[in-house]
Amino acid sequence: MNKNNSLPRVTVVTVILNLIKNQRVELFQRCVQSIRNQTYPEIEHLIIDGKSDDGTIRLLEELNLSFISEKDSGIYDAMNKGISKATGKYIIFINSDDAFYSPNVVEKAVQKLMETDADVLFGKALITPNKPKRPFIKEYDVSGFYYHMPLCHQSVICKVDALKEIGMFDTSYKIAADYKSIYQLLLAGKSFVSINEAIANFSIGGISTRFLQKAKEESARVIYENLSLLDPSFSTKQAKRLAETHLLSLRLYREIKKCLHPKLQNRFSKNVLRSFLFGMRKSLIIFRLNRRSSLIKILGITIYERKK
């Protein structure tokens with residue numbers, strides 16, 4: 001690509017392993033072409049290969065790609081290598097079966113980043129679910145980060161320095177280290193900005209989809225590890241409950257809000273209030289009359305029940 005020293009470089013990292021054996025060659029070629037088709041001139045594409053032994057290295061050489069090939073301890077270890085090798089100011093992780101949504105999306109994203117000097121930019125994603133469901137565009141809202149992963153990782157562009165400041169990805173996780181990084185960035189007061197564009201085509205079917213229970217467990221661990229730093233009495237049981245109910249204690253609400261970048265505080269408060277009102281609507285007063293019983297619940301507590 002043409003070099004333009006006045007523009008910040010964007011590093012695109014793709015982690016791979018045995019593309020031929022896993023029948024991902026065509027998808028990977030689509031991924032590579034979507035990067036090469038970008039109108040933004042300052043892009044470097046780094047391939048982090050986990051020591052493929054099926055002819056993948058020959059494919060990378062034929063495609064004239066920059067890569068390193070060595071054993072790693074998992075996807076997040078490989079992504080950390082990408083961060084360490086990156087020469088760009090910004091970084092985005094696009095998997096071998098994903099692709100950029102349009103040829104000018106990186107150009108639009110960098111323009112927004114330069115206008116706002118944000119640490120993190122996120123956008124929409126074209127989700128391709130398992131058949132027979134059709135692809136659809138999904139929007140994201142970072143303000144619900146305190147109880148779930150709020151973003152599509154393939155639609156997030158981040159300053160490399162910001163990721164290095166939080167220690168990069170926690171390799172003790174197998175599925176949710178990207179969620180932990182978003183949590184850490186937000187609690188570190190980093191600025192987030194959204195763009196009204198789909199950034200990536202994301203194919204459902206990765207490890208977090210195939211191991212949903214493991215993903216839930218690791219998400220609860222992310223919540224616990226971050227919020228217990230703000231409130232030492234916060235427990236793993238409370239973390240699991242927060243993931244289910246989305247309801248924060250007043251103390252944690254105040255502590256989290258103090259950590260957030262000022263431009264995110266109002267959206268965070270609105271999300272907490274919305275979750276509280278939704279919970280109230282579900283459990284404040286429930287009357288159920290049928291042939292078997294009369295039941296009254298207040299705040300989820302049964303105060304009257306008559307069996308017939």
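**Exercise 1. Secondary structure and burial of the chain**

Task: State how many helices and strands there are in the chain, and what share of its residues count as buried.

Solution. The model is a predicted one. The chain holds 11 helices and 12 strands. It has 308 residues, of which 47% count as buried. Next, take the contacts with a separation of 6 or more: residues 24 or more positions apart account for 70% of them.

**Exercise 2. The surroundings of helix α6**

Task: Decide whether helix α6 (residues 177-187) is largely enclosed or open, and give the reason.

Solution. Step one is to list the buried residues of α6, which are Ala177, Asp178, Tyr179, Lys180, Ser181, Ile182, Tyr183, Leu185, Leu186 and Leu187. Step two is to set this against the helix length: 10 of the 11 residues are buried, so α6 is largely enclosed by the rest of the structure. Step three looks at what follows the helix. Just after α6, Gly189 takes a positive phi of about 80°.

**Exercise 3. Packing of α6 on α8**

Task: Classify the arrangement of α6 and helix α8 (residues 212-230) from their axes, and name the residues that make the contact.

Solution. The two axes come within 9 Å and cross at roughly 25°. Angles under 35 degrees count as roughly parallel. The helices α6 and α8 are therefore roughly parallel to each other. Their crossing is right-handed. On the α6 side, the contact is made by Tyr179, Lys180, Tyr183, Gln184 and Leu187. On the α8 side, it is made by Ser219, Val222, Ile223, Glu225, Asn226, Leu227 and Leu230. Sorted by class, this contact of α6 with α8 has seven nonpolar, three polar and two charged residues.

One of the α8 residues can be followed further. Ser219 is found in helix α8. With its neighbours within four places in sequence left aside, Ser219 is in contact with Ala176 and Tyr179. Ser219 and Ala243 are 24 residues apart in sequence, and their C-alpha atoms are 8.0 Å apart in space.

**Exercise 4. Packing of α8 on α9**

Task: Carry out the classification for α8 and helix α9 (residues 236-245).

Solution. The axes of α8 and α9 come within 8 Å and cross at roughly 120°. That makes α8 oblique to α9. The crossing of these two helices is right-handed. From α8, the residues Ala220, Ile223, Tyr224 and Leu227 meet Thr236, Ala239, Lys240, Leu242 and Ala243 of α9. By class, the contact of α8 with α9 has seven nonpolar residues, one polar and one charged.

**Exercise 5. Strand β4 and its partners**

Task: Which strands does β4 (residues 90-93) pair with, in the parallel sense and in the antiparallel sense?

Solution. Begin with the faces of β4. Tyr90 and Ile92 on one side are buried, as are Ile91 and Phe93 on the other, and both faces are thus covered. Then take the bridges. Strand β1 (residues 10-16) runs parallel to β4 and is joined to it by four bridges. Within this pair, Val13 has Phe93 as its bridge partner. Strand β8 (residues 156-159) runs antiparallel to β4, with two bridges between them. Here Ile91 stands opposite Cys158.

**Exercise 6. Strand β9 and its partners**

Task: Give the burial of strand β9 (residues 192-203) and its pairing with β5 and β6.

Solution. Nine of the 12 residues of β9 are buried, so this strand is largely enclosed by the rest of the structure. Strand β5 (residues 99-100) pairs with β9 in the antiparallel sense over two bridges. The bridge partner of Phe100 in β9 is Ala200. Strand β6 pairs with β9 in the parallel sense over eight bridges. In that pairing, Leu121 stands opposite Val193.

**Exercise 7. Positive phi outside glycine**

Task: Locate Asn64 and Asp117, and state whether each is buried, partly exposed or exposed.

Solution. Asn64 has a phi near 60°, a positive value in a residue other than glycine. Asn64 lies in the loop between α2 (56-62) and β3 (66-69). The relative accessible area of Asn64 is 67%, so Asn64 is exposed. Asp117 is not a glycine either, and has a positive phi of about 55°. Asp117 is found in the loop between α4 (105-116) and β6 (120-128). With a relative accessible area of 46%, Asp117 is partly exposed.

Terms used: Residues are numbered from 1 along each chain as its sequence is written. This is a predicted model: local features need pLDDT of at least 70, side-chain atom pairs count only at pLDDT 80 or more; totals for chains, interfaces and linings use all residues. Side-chain values use heavy atoms; hydrogens and water are left out. Buried means under 20% relative accessible area, exposed over 50%, partly exposed in between (1.4 Å probe, protein chains only). Axes are lines fitted to C-alpha atoms, for helices over the stretch in contact, and angles run from 0 to 180 degrees between N-to-C directions. Angles under 35 degrees count as roughly parallel, over 145 as roughly antiparallel, 65 to 115 as roughly perpendicular and the rest as oblique. A crossing is left-handed if the near helix is turned anticlockwise from the far one by less than a right angle, and right-handed if clockwise. Contact means heavy atoms within 4.5 Å. Ala, Val, Leu, Ile, Met, Phe, Trp, Tyr, Cys and Pro count as nonpolar, Asp, Glu, Lys and Arg as charged, and the others, Gly among them, as polar. Two strands pair if DSSP finds at least two bridges between them.
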